[in-house]
Amino acid sequence: MQKIDSILIENRIFEPDETFRLKANISFADYEEMCEQAQNDYEGFWGNLARMHLDWDQPFTRVLNEDKAPFYRWFEDGKINVSFNCLDRHLHELSDKPAIIFESDEGTVTSVTYAELHRQVCIFANGLKSLGLVSSDRVIIYMPMSIEVIVAMQACARIGLIHSVVFGGFSAKSLSERIADARAKLVITADEGMRGGRAIPLKSTCDEALTHAEVESVERVIVYRRTGGNCQFNAPRDIWWDDVIASQSPVCEAIALDAEHPLYILYTSGSTGKPKGVQHSSAGYLLGAILSMQWTFDYKPDDVFWCTADVGWVTGHTYVAYGPLAVGATQVMFEGTPTWPHSGRFWEMISRHRVTVFYTAPTAIRSLIKLGPDLPLTYDLKSLRLIGTVGEPINPEAWMWYYNKVGGGRCPVVDTWWQTETGSHMIAPLPGAISTKPGSCTRPLPGIMADVVNEKGQSVEDGSGGMLVIKRPFPSQLRTLWNDPERFCHVYFPKNFGGRWYLAGDSAHRDSDGYFWIMGRIDDVLNVSGHRLGTMEIESALVAHPFVAEAAVVGREHEIKGESIVAFVVLKGKMPDEAEADKMAIELSCWVTEQIGSIARPDEIRFGENLPKTRSGKIMRRLLRSIARREDIQSDISTLENPQILAQLSRASGNTIV
Ligand code: WT7
């Protein structure tokens, strides 16, 4: 492996394992045929799949409506219910099949069958109705990983409520912004969550969020008792989960909803300070979830599927809450962290539950390599037949380790590229058809018209970098940004590409075999441990501190997290001396945690009298990036207004926060 101009050249190639290939859902011939069908008859291709994989209450007659592009509409005159497709339709054959095997942080295992999950969803949906919620009302879910969080999401889908799950690691302020933007009537939370032996005070964070003036829309708060720990209970606003379900009927018809009815809103970071409310549809989204379960994960009825993502992220929506249930899979769900109570927890769980398909993030893989490179070998991982990754580029060494030590050299590794906005996998190997190369997400799925283009929109030559675009609309893509259709248009469908191509925001290159290599974001978005964070968001949090005049945030490569956060700060008073700077750095990092959540905590803060700026006052981030990486500044600084500031910021050793 070598790096040329930051383009990774990797020559190792892994053919699909023979035994795997023979049983795979999609062969290479199938793959080619599907790609060709999609080329020749795009709408016919998607229409057939939607008829084949989804149960409709009313069939659609029109596949794709592009009249109001980029506000595309798929299967629009069809009626469907996502919860029906995830539960009811399996009941005649799979009612006794385990749907979820849940393992708590402490290791307690609880499982529910499809019949039981269906019953719980119906009861809870009736409970939601009894609180006066009606179709299209928004519901914020701020819960730990649990069977109940799936019940809550599925119950919303059953009666047309639009959920917005907020990750339990977000602060009261972030939570309140999301509640306010969604104008949610209801919040569903828990007393506390448990992660790595520590209690997470969800209810008290929620109470704090609800004191913010802008969240007046919330009428009720449902509290699921997870730990029984202390929490405030403000009746009549608050109501216990158990009281919501008490004496509710287990019969609740799934409402036939429009195919385009919003299933959920999920907030994600962009290049401005304000999070974007990514809005997904019902039918198109679910189709993407199902197809990727079948195609990328090669789903088989006797699989035990385990995606380790939290439901607070899109991966946990598509590959925990919806995809596995929609195909009738048995899945493992985990409340805790990979390293508690010991760093073999993932491997122990794979072996305990006989997991066959395992899906996790490169950051978890890298931290587990560090904690026990040979640890997987001491567990029985023979049940595994396929392993996947998502969230950020995986470095070839980590890929090789995953392949050899976890997959025993026999399981295909599926490196899946996609985004909150795309809803499901876009570029990923079909494991029985496509050979893999460590570090590449390989080729687009059938029907996904991905390309790499330059500023003028021309496809770049193989091997050169450019912007990743998707040139035709696809069913699982976001429909709009909640409350912000204009931002939706200009961020994702820029005018210079005719307003029709989906701009992913990533740079990539394609090699001579047509394989895609993702190089990173082209906007001011960082990827820290697979979580997306806008630099502006962190900067806004910093400047909201009374002592801060200005702040700029950049990313620096990090061995485990992929990227870490380095902040450059100008204080309002005079430059702090070393001792003051240390104190201030700690103060500011706690402040950011309070404002956004611990995932946004800077790893290093440097103070200066100013930031490097152009004569027009624009901060030169490129230079800050070099300083953060402790590189010599070799690039052109002729446009820099205040060159002396570089020396100051480079000298400042940086206050590493431990
Ligand atoms: C961004 C999307 C998709 C669920 C998790 C993250 C990066 C994601 C890969 C991959 C290289 C990847 C991209 C993308 N990314 N998967 N397999 N290889 N990069 O969802 O928070 O919406 O972030 O994550 O930069 O744009 P997200």
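**Helix packing and ligand contacts**

Ile150, Met153, Gln154 and Ala157 on helix H7 touch His317, Val320, Ala321, Tyr322 and Leu325 on helix H12. Sorted by class, the residues of this H7–H12 contact come out as 7 nonpolar and 2 polar, with no charged ones. The model is a predicted one, and in it H7 spans residues 147-159 while H12 covers residues 314-326. Their axes come within 11 Å and cross at roughly 65°, and the crossing of H7 past H12 is right-handed.

H12 also packs against helix H11, which runs over residues 283-295. Here the axes come within 9 Å and cross at roughly 80°. Angles of 65 to 115 degrees count as roughly perpendicular, so that is the label for H11 and H12. On the H11 side, the contact is made by Tyr285, Leu286, Ala289, Ile290, Ser292 and Met293. What they meet in H12 is His317, Thr318, Tyr319, Tyr322, Gly323, Pro324 and Ala326. The tally for this pair is 9 nonpolar and 4 polar residues, again with no charged ones. Two H12 residues, His317 and Tyr322, turn up in the contact with H7 as well as in the one with H11.

Further along the chain, helix H19 (residues 621-628) packs with helix H20 (residues 644-651). The angle is about 30° and the axes sit 10 Å apart. Because angles under 35 degrees count as roughly parallel, H19 goes down as roughly parallel to H20. The handedness of this crossing is right-handed. As for who touches whom, Leu623, Leu624 and Ile627 of H19 meet Leu646, Leu649 and Ser650 of H20. That gives 5 nonpolar residues and 1 polar one, and no charged residues in the contact of H19 with H20.

Now for the ligand. There are 17 residues around it, and those that come nearest are Asp415, Thr416, Thr420, Asp506 and Arg532. One of these, aspartate 506, places a polar side-chain atom 2.8 Å from an oxygen atom of the ligand. Backbone atoms take part too: a polar backbone atom of glycine 391 is 3.1 Å from a ligand nitrogen. Proline 393 likewise has a backbone N or O atom 3.4 Å from a nitrogen atom of the ligand.

Note on methods
Residues are numbered from 1 along each chain as its sequence is written. This is a predicted model: local features need pLDDT of at least 70, side-chain atom pairs count only at pLDDT 80 or more; totals for chains, interfaces and linings use all residues. Side-chain values use heavy atoms; hydrogens and water are left out. Axes are lines fitted to C-alpha atoms, for helices over the stretch in contact, and angles run from 0 to 180 degrees between N-to-C directions. Helices (H or I, at least four residues) and strands (E, at least two) are DSSP runs, numbered from the N terminus. Angles under 35 degrees count as roughly parallel, over 145 as roughly antiparallel, 65 to 115 as roughly perpendicular and the rest as oblique. A crossing is left-handed if the near helix is turned anticlockwise from the far one by less than a right angle, and right-handed if clockwise. Contact means heavy atoms within 4.5 Å. Ala, Val, Leu, Ile, Met, Phe, Trp, Tyr, Cys and Pro count as nonpolar, Asp, Glu, Lys and Arg as charged, and the others, Gly among them, as polar. A residue is near a molecule or strand if one of its heavy atoms lies within 4 Å of it. A polar contact is a pair of N or O atoms within 3.5 Å; within protein, one must be able to donate a hydrogen and the other to accept it, and residues adjacent in sequence count only if both atoms are side-chain atoms.
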